[in-house]
Amino acid sequence: MGMPENKAAAIAVHTRAIPGNHGDAVAALLAPGFRNHDTSPGGEGGAEALLATMHWYDEAFEDQRVEVLHAVADGDLVALHVELSARHTGFFRGVAPTGRRFAVREMHVLRFAEGREAEHWCVRDEAALVRALAHPAPVAVGAAAAR
């Protein structure tokens with residue numbers, strides 16, 4: 001597979017399979033020996049780690065949507081800049097369910113081998129997400145409130 005196919009596969013996994021909690025679909029798109037570099041402390045870095053994160057998010061957030069803001073393919077690498085939005089309905093990092101909707105941006109870099117995802121790196125600002133969930137949005141005052 002080439003760059004367009006890798007890019008399409010990356011987008012499909014990150015916009016449909018992961019937010020839909022479709023573990024079988026995700027696992028089928030991972031290469032043997034897949035390495036997830038985005039693991040919880042003390043966690044293993046195989047497919048199980050990616051699936052565990054997917055299940056963890058599914059338990060904490062309903063109505064997950066992922067919008068691809070940018071997708072770039074270069075050789076066997078695909079970079080995705082995405083925005084995840086959802087509603088907070090389960091415990092997340094010690095924050096009890098609030099029912100609040102949120103949106104957070106993430107960066108993913110994926111390496112493909114023979115058309116399947118072989119490695120995954122992710123950068124997300126979970127501290128900002130926890131703050132957004134734990135504290136209500138600031139109330140606008142003055143001129144901003146009049147708009």
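Is E114 buried or exposed? In this predicted model, E114 counts as exposed because its relative accessibility is 80%, above the 50% cut-off for that class. E114 is located in the loop between strand 4 and strand 5. The description below starts from the overall arrangement of the chain and returns to this loop after the strands have been described.

The protein chain contains five helices and five strands. Their order along the sequence is α-α-β-α-β-β-β-β-α-α. Of the 147 residues in the protein chain, 37% are buried. Among contacts with a separation of 6 or more, 57% join residues that are 24 or more positions apart. The accessible surface of the protein chain is about 8200 Å², and carbon and sulfur atoms account for 56% of it.

Helix 1 consists of 15 residues and covers residues 3-17. At 1.5 Å a residue, the expected span of helix 1 is 21 Å, and the end C-alpha atoms are 20 Å apart, so the two values agree. The buried residues of helix 1 are N6, A9, A10, A12, V13, H14 and A17. An α-helix has 3.6 residues a turn, so residues three or four places apart point the same way. Several parts of the chain contribute to the cover over the buried residues of helix 1, including helix 2 (23-28) and helix 3 (47-60). Strand 2 (61-74), strand 3 (77-88), strand 4 (101-113) and strand 5 (116-124) are also included in this cover.

One of the buried residues of helix 1 is A10. A10 counts as buried because its relative accessibility is 0%, against a limit of under 20% for this class. Apart from neighbours within four places in sequence, A10 has contacts with V78, L80, L110 and F112. The C-alpha atoms of A10 and R116 are 9.0 Å apart, although 106 residues separate A10 from R116 in sequence.

The strands pair as follows. Strand 2 and strand 3 are antiparallel, with eleven bridges between them. In this pairing, V66 is opposite L84 of strand 3. The hairpin of strand 2 and strand 3 has two residues between the strands, and G75 in this hairpin has a positive phi near 60 degrees. Strand 3 and strand 4 are also paired in the antiparallel sense, over eleven bridges. Here R87 has R101 of strand 4 as its bridge partner, and H81 has M107 of strand 4. Strand 4 and strand 5 form an antiparallel pair with eight bridges, in which V109 is matched with W121 of strand 5.

Which residues of strand 4 form its covered face, and which its uncovered one? The covered face is made of F102, V104, E106, H108, L110 and F112. The uncovered face is made of R101, A103, R105, M107, V109, R111 and A113. In a regular strand the side chains alternate between the two faces of the sheet.

On the covered face of strand 4, H108 counts as buried because its relative accessibility is 4%. Leaving out neighbours within four places in sequence, the contacts of H108 include H14, V78, A79, L80 and V82. H120, W121, C122 and R124 are also in contact with H108. H108 and V82 are 26 residues apart in sequence, with their C-alpha atoms 8.0 Å apart.

On the uncovered face of strand 4, V109 takes part in a nonpolar surface patch of about 220 Å² together with L77 and W121. L77 belongs to strand 3. With a relative accessible area of 35%, L77 is partly exposed, because this class lies between 20% and 50%.

Two loop residues other than glycine have a positive phi. R93, in the loop between strand 3 and strand 4, has a phi near 50 degrees. R93 is partly exposed because its relative accessibility is 48%. The other residue is E114, with a phi near 50 degrees. E114 belongs to the hairpin of strand 4 and strand 5, which has two residues between the strands.

How values were computed
Residues numbered from 1 in each chain as written. Predicted model: local features only at pLDDT ≥ 70, side-chain atom pairs only at ≥ 80, totals over all residues. Heavy atoms only, no water. Helix = DSSP H or I, 4+ residues; strand = E, 2+ residues; numbered from the N terminus. Buried < 20%, exposed > 50% of the residue type's maximum accessible area, 1.4 Å probe, protein only. Contact = heavy atoms within 4.5 Å. Areas by Shrake-Rupley, 256 points an atom, 1.4 Å probe, with all protein chains shown as cover. Expected span 1.5 Å × (residues − 1). Pairing = 2+ DSSP bridges. Patch = residues over 30% accessible without salt bridge, like charges linked within 9 Å, V, L, I, M, F, W, Y side chains within 5 Å. Salt bridge = Lys/Arg side-chain N within 4 Å of Asp/Glu carboxyl O.
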